[in-house]
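Here's a quick tour of a small set of computed features, written for someone who would rather be at the bench. Have the sequence and the 3D view open as you read.

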Amino acid sequence: MAKIKVTKQKSAINRTKRQKLTLEALGLKRIGQTVEHDDTPNILGMINKVKHLVSVEEA
């Protein structure tokens, strides 16, 4: 399965609770933090909800 790297680029201040929880579920806490996930539909859906706060690249 393909891997993707997700990096938090912007703050979650003044964002909805759902967006904050999605970032936490992805494992992102600090700006600049990078996590690696499998390229599954569940993860891609979560990334799509917070795409304005993160950057994504192939691992």
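For the charge count here, Lys and Arg are taken as positive and Asp and Glu as negative, while His and the chain ends are left out. Counted that way, the chain carries 12 positive and 6 negative charges, and the mean positions of the two sets lie 13 Å apart. Keep in mind that this is a predicted model.

**The overall layout**

Let's start with the fold. You'll find 2 helices and 3 strands in the chain, and reading from the N terminus they come in the order β-α-β-α-β. The radius of gyration is 11 Å, close to the 10 Å that the globule rule gives for 59 residues, so the chain is as compact as a globular protein of that length. If you'd like a box to picture, the C-alpha atoms fill one of roughly 35 × 20 × 15 Å along the principal axes.

How much of the chain is buried? Buried residues account for 29% of the 59 residues. On the outside, the chain exposes about 4,200 Å², and carbon and sulfur atoms supply 49% of that area. As for contacts, take those between residues at least 6 apart in sequence: 73% of them join residues at least 24 apart.

**How the strands pair**

Now for the strands. Which strands pair with E1? Strand E1 covers residues 3-8 and runs antiparallel to E2, with 5 bridges joining the two. E1 also pairs with strand E3 (residues 54-58), again in the antiparallel sense and over 5 bridges. To find these pairings in the viewer, look for Ile4, whose bridge partner in E2 is His37, and for Lys5, whose bridge partner in E3 is Glu57.

Strand E2 (residues 34-38) has two faces worth a look. Val35 and His37 make up the covered face, whereas Thr34, Glu36 and Asp38 sit on the uncovered one. So His37 turns up twice: on the covered face of E2 and as the bridge partner of Ile4.

**Three residues to click on**

Here are three residues with their places and accessibilities.

| Residue | Place | Relative accessible area |
|---|---|---|
| Ala2 | segment before E1 | 38%, partly exposed |
| Asn14 | loop between E1 and helix H1 | 76%, exposed |
| Glu24 | helix H1 | 57%, exposed |

Ala2 is in the segment before E1. What does Ala2 touch, not counting residues up to four places away in sequence? The answer is His37, Asp38 and Asp39. Two of those names are familiar from E2, where His37 is on the covered face and Asp38 on the uncovered one. The C-alpha atoms of Ala2 and Val54 are separated by 19 Å, with their positions 52 residues apart along the chain.

Asn14 has a backbone quirk: its phi is near 65°, a positive value in a residue other than glycine. Asn14 counts as exposed because its relative accessible area is 76%, and exposed means over 50%.

Glu24 belongs to helix H1. With a relative accessible area of 57%, Glu24 also falls in the exposed class. The C-alpha atoms of Glu24 and His52 are separated by 15 Å, and the two residues are 28 apart along the chain.

How values were computed. Residues numbered from 1 in each chain as written. Predicted model: local features only at pLDDT ≥ 70, side-chain atom pairs only at ≥ 80, totals over all residues. Heavy atoms only, no water. Helix = DSSP H or I, 4+ residues; strand = E, 2+ residues; numbered from the N terminus. Rg over C-alpha atoms; globule rule 2.2 N^0.38 Å. Buried < 20%, exposed > 50% of the residue type's maximum accessible area, 1.4 Å probe, protein only. Contact = heavy atoms within 4.5 Å. Areas by Shrake-Rupley, 256 points an atom, 1.4 Å probe, with all protein chains shown as cover. Charge placed at Lys NZ, Arg CZ, Asp CG, Glu CD. Pairing = 2+ DSSP bridges.
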